[in-house]
Each structure stands twice: as structure tokens, then as C-alpha cells.
Amino acid sequence: MSATSLRIDGKHIEAEEGMTLVEAARLAGIKIPTLCQHEGLEPYGGCRVCMVEIEKRGWSKLVAACVYTVEDDLVVRTRSEKIDRIRKTVLELLLAHAPDSPQLLSLAREYGADKDRFEAQASFCVHCGLCVRYCAEIKKANAVGFLDRGRRREIAFMPGIAAAECASCMECFALCPTSALQAAYVWVSAMVPSLDHAEL
Ligand code: SF4
Ligand code: FES
């Protein structure tokens, strides 16, 4: 695999072709915050916590570092007033769904995000897709998926598949950055029809 030469936060990095900016930054000891990224899963780019600024031949733009791959001569900035402001707003929007998420609160402290800035949302799910993608890509089970689109998008366990697959697995619960317990509740609800809460 050929090497790609770029600069991240002023550091010269030789990265392998196809690496994401998150992976390349890690080579140089630079940590870009992530939420929906998982090393064992396909890049997704859903949460926008990892936004960075890239510059090449006079143009610049913001990209999600967990999906954007390295390019020769790219200049990447992972922190700046503008990037920190964007991350702060992204975190505040996510916290409106999950104000008690330890992972989000830790990032909120770093970026000065206010968990009460936006109106509290009924759904705890931040649509990171970790549970859905893990179940599909690693377990090949598709026991949990997204329903609906846009603001009405929610996760739901597929009762038939979940009844057969989930009791011996439950590996996705620990991945949920907002509330593994609530994910478990969704699952239990799907298993016990009388609870009638197969989706949240
Ligand atoms: S339930 Fe949790 S892991 Fe699944 S998409 Fe929502 S926030 Fe992500
Ligand atoms: S970690 Fe990059 S978009 Fe979520």
C-alpha cells in the first residue's frame, strides 16, 4: 500500500492510502473526538462530532474525519475557534436527546457545551447507528434497525428476529453512547408484547 503525505495540526504524517483522517491523526498522537465511529464497523459519518477543517490548493472545507480519507498534501486542522464552536453546537444538539450520557458529558466539558441549550427531546437515541450497524455488520442478524426518517427516525428491535437472536447476544447494548439500559428496555419490551414498547 502506498504512503500518503499530509499535515495534521502542523505535524507531518505518512499515512497509508485509504486511512481515514481519524486514523491518520492517531498515528501522530492527535485525538479527534468521535461518537458514531467504531473500529470494527464500516465508516458511517453520522454524528458530526469529528468535524475538522481541511485545506488543499487554496480551498478549504469542513469534513467528517471518520469518513474522509487521507490525500497527499492535505492540511488538516482538528482544533480552531471555528471547529470548537461547531463541535460545541453538535454536542448541545446531541445532549438534548441524552443529557446524562457520560460520553457526551465528558466531551461537553472539553468544549464548553451547555446540555440545556436546546429543548429536551423525547427520544434518547442520537442516531449514531452503532447498535444497528453492529447487529448488521458483525452479527449479520439485523435484529435492530431504524424506523421512519428525519426527525421521526427511531430505533426498533424486530420482535421476530430479536426473540431468536438477542437473548444470547446483547453485545450492542454496551455500544450505545446514550443509554445501554434504555436500549435493553426496548429489547425487553419487544420480547414481552404486553409491555407494548417495541420502539421508543
Ligand atoms: S440506540 Fe444508542 S447505539 Fe443505537 S442508534 Fe441510538 S444512540 Fe446509537
Ligand atoms: S464520529 Fe465522525 S461523524 Fe460520528
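These notebook entries record what I looked up in a predicted model of one protein chain.

**Entry 1. The chain as a whole**

I began with the secondary structure and counted 6 helices and 7 strands in the protein chain. Read from the N terminus, the elements follow the order β-β-α-β-β-β-α-α-α-β-β-α-α. I then looked up burial: of the 200 residues in the chain, 43% are buried. For contacts with a separation of 6 or more, I found that 49% join residues 24 or more positions apart. The accessible surface of the chain is about 10,700 Å², and carbon and sulfur atoms hold 52% of that surface.

**Entry 2. Helix 2**

I checked the length of helix 2, residues 81-95, against its residue count. At 1.5 Å a residue, its 15 residues should span 21 Å, and the C-alpha atoms at its ends are 21 Å apart, so the two values agree.

Which residues of helix 2 are buried? I listed Ile83, Arg87, Val90, Leu91, Glu92, Leu94 and Leu95. I noted the general rule that an α-helix has 3.6 residues a turn, so residues three or four places apart point the same way. The cover over the buried residues of helix 2 includes strand 3 (51-56), strand 4 (59-64), strand 5 (75-77) and helix 3 (102-111).

I also looked up threonine 89, which is in helix 2. With a relative accessible area of 26%, threonine 89 is partly exposed, because a residue counts as buried under 20% and as exposed over 50%. Setting aside residues up to four places away in sequence, I found that threonine 89 touches Arg117 and Phe118. Threonine 89 and alanine 108 are 19 residues apart in sequence, and their C-alpha atoms are 9.7 Å apart.

**Entry 3. The largest pocket**

I searched next for open space at the surface. The largest pocket holds about 250 Å³ of space. Its lining consists of Gly46, Cys47, Val90, Leu93, Leu94, Ala96, His97, Phe118, Gln121, Val126 and His127. By class, I recorded 7 nonpolar and 4 polar lining residues, and no charged ones. Val90 and Leu94 in this lining are also among the buried residues of helix 2. Phe118, another lining residue, is one of the residues touched by threonine 89.

I examined the backbone at histidine 127, which also lines the pocket. Histidine 127 is in the loop between helix 3 and helix 4. Its phi is near 60°, a positive value in a residue other than glycine. As a general matter, most residues other than glycine have a negative phi.

**Entry 4. The cavity and helix 4**

How many cavities of 30 Å³ or more does the whole structure contain? The search returned 1 cavity. I noted a volume of about 90 Å³ for the largest cavity. Its lining has 14 residues, and Cys125, Cys128, Cys131, Cys176 and Pro177 lie nearest its centre. By class, that lining has 11 nonpolar and 3 polar residues, with no charged residues.

Cys131 is also a buried residue of helix 4 (residues 130-138), together with Leu130, Val132, Arg133, Tyr134 and Cys135. I found that the buried residues of helix 4 pack against strand 6 (144-147) and strand 7 (154-157). Just after helix 4, lysine 140 has a positive phi of about 55°.

**Entry 5. The loop between strand 4 and strand 5**

I looked at two aspartates in this loop. Aspartate 72 lies between strand 4 and strand 5, and aspartate 73 lies in the loop between strand 4 and strand 5 as well.

Is aspartate 73 buried or exposed? Aspartate 73 has a relative accessible area of 59%, and it is exposed because this lies over the 50% cut-off. Its phi is near 70°, positive although the residue is not glycine.

Aspartate 72 is partly exposed, at 39% relative accessible area. Apart from residues up to four places away in sequence, aspartate 72 touches Ala3, Thr4, Ser5 and Lys56. I also took the distance from aspartate 72 to arginine 7, 65 residues apart along the chain: their C-alpha atoms are separated by 9.1 Å.

**Entry 6. Arginine 26**

I closed with arginine 26, located in helix 1 (residues 21-27). Its relative accessibility is 42%, and arginine 26 therefore counts as partly exposed. Beyond its neighbours within four places in sequence, arginine 26 is in contact with Gln37 and Glu39.

Conventions: Residues numbered from 1 in each chain as written. Chains lettered and ligands numbered in written order. Predicted model: local features only at pLDDT ≥ 70, side-chain atom pairs only at ≥ 80, totals over all residues. Heavy atoms only, no water. Helix = DSSP H or I, 4+ residues; strand = E, 2+ residues; numbered from the N terminus. Expected span 1.5 Å × (residues − 1). Buried < 20%, exposed > 50% of the residue type's maximum accessible area, 1.4 Å probe, protein only. Contact = heavy atoms within 4.5 Å. Areas by Shrake-Rupley, 256 points an atom, 1.4 Å probe, with all protein chains shown as cover. 1 Å grid on protein atoms, 1.4 Å probe; cavity = no way out; pocket = protein on both sides within 12 Å on 5 of 7 lines; lining within 4 Å. Points joined across faces, edges and corners; volume = space filled by probe spheres on them. Nonpolar A, V, L, I, M, F, W, Y, C, P; charged D, E, K, R; others polar.
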